[in-house]
Amino acid sequence: MPAAVVTGSSRGLGRAIALRFASDGYDVAVNYHSSDEAAAEVADAVRERGQEAVVVGADVSEPDGASRLVETAADEFGGVDHVVNNAGIDQHVYTESLSPADFDRIMDVNVNSAFNVTKAALSYLEASDDDPSVTNVSSILAHTGAPIECHYAASKGALISLTRSHAGDFAPGIRVNAIAPGHIETDMTADRTPEEKAEEMAGIPVGHFGQPADIAEAAAYLRDATFVTGETLNVNGGERMG
Ligand code: NAP
């Protein structure tokens with residue numbers, strides 16, 4: 001069976017991507033940082049879909065954690081065919097109050113993790129005969145910027161540059177793409193006030209927020225899209241077109 005590593009798959013978008021990949025016939029390495037029970041539930045749901053699952057608690061911002069994740073998946077499944085670099089954190093703070101340590105932490109978790117996991121998986125992806133791919137989860141804020149979270153927006157912009165660089169670096173053989181979600185309803189966006197939600201909704205032409213399954217659909221497309229590499233797929237209900 002082909003196998004995928006999905007970082008940050010205990011909750012939110014990563015969870016939906018892991019379950020979608022399982023439904024599509026992929027074994028899945030479920031990764032989490034602190035939500036061990038939630039990750040175990042995702043693994044059970046993968047197995048209910050007839051696929052193998054392994055749960056790996058690892059901070060993928062650390063090279064050692066990323067290596068352990070990939071090596072565990074490769075040992076369990078006999079290889080790694082697809083990587084989805086989804087793990088991420090955000091923080092709302094204006095630059096005047098933003099500490100260098102917090103800036104670094106966002107970059108470590110959102111950007112360095114993708115480098116770490118992709119690098120650790122490279123030899124397995126090269127050996128795959130399942131049209132291997134890497135998909136990096138960026139954000140609409142990579143394009144628009146975000147005054148209250150400049151470090152988050154910068155990290156997501158860096159992921160798009162990393163995607164294009166790796167797409168060239170690993171071609172032919174491994175395709176590398178990004179997804180730039182708009183507002184998706186997960187824990188990450190649950191802290192918005194009703195006023196903030198109404199304001200955001202007014203800027204979304206389709207008239208509703210996205211769901212994790214919308215991003216899972218995009219991840220499945222990029223996994224299977226044999227003629228697409230180096231691209232960023234915008235999934236944002238029309239909030240930012242083009
Ligand atoms: P979420 O609900 O907060 O889930 C984040 C996931 O990342 C959790 O599984 C978490 O694990 C994991 N994680 C965090 N730090 C980690 C680390 N150091 N090592 C390993 N795993 C780590 O977030 P989400 O909304 O699903 O977001 C997923 C991705 O989409 C992020 O990269 C985010 O920036 C991006 N995104 C989200 C939106 C949105 O509207 N929701 C929009 C654009 C982009 P634990 O459960 O163990 O903490």
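User: Which elements each supply at least two residues of the lining of the largest pocket?

Analyst: Helices (H or I, at least four residues) and strands (E, at least two) are DSSP runs, numbered from the N terminus. A pocket, on a 1 Å grid over the protein atoms alone, is an open set of points where a 1.4 Å probe fits, with protein on both sides within 12 Å along at least five of seven lines; lining residues have an atom within 4 Å of a point. Here α1, β2, α4, α5 (141-144), α6 and α7 (194-202) each do so. This is a predicted model, where local features need pLDDT of at least 70, side-chain atom pairs count only at pLDDT 80 or more, and totals for chains, interfaces and linings use all residues. Residues are numbered from 1 along each chain as its sequence is written, and side-chain values use heavy atoms, with hydrogens and water left out.

User: What takes the space of the largest pocket?

Analyst: A molecule sits in a pocket if more than half of its atoms lie within 2 Å of its grid points. The ligand takes the space of the largest pocket.

User: Which residues come nearest to the ligand?

Analyst: A residue is near if one of its heavy atoms lies within 4 Å. Of 33 residues around the ligand, Ser10, Ser34, Ser35, Tyr152 and Thr186 come nearest.

User: How far is an oxygen atom of the ligand from an N or O atom in the side chain of Arg11?

Analyst: A polar contact is a pair of N or O atoms within 3.5 Å. For the Arg11 side chain the distance is 2.7 Å. Polar backbone atoms of Gly8 and Gly182 lie 3.1 Å and 3.3 Å from a ligand oxygen, respectively.

Conventions
A polar contact is a pair of N or O atoms within 3.5 Å; within protein, one must be able to donate a hydrogen and the other to accept it, and residues adjacent in sequence count only if both atoms are side-chain atoms.
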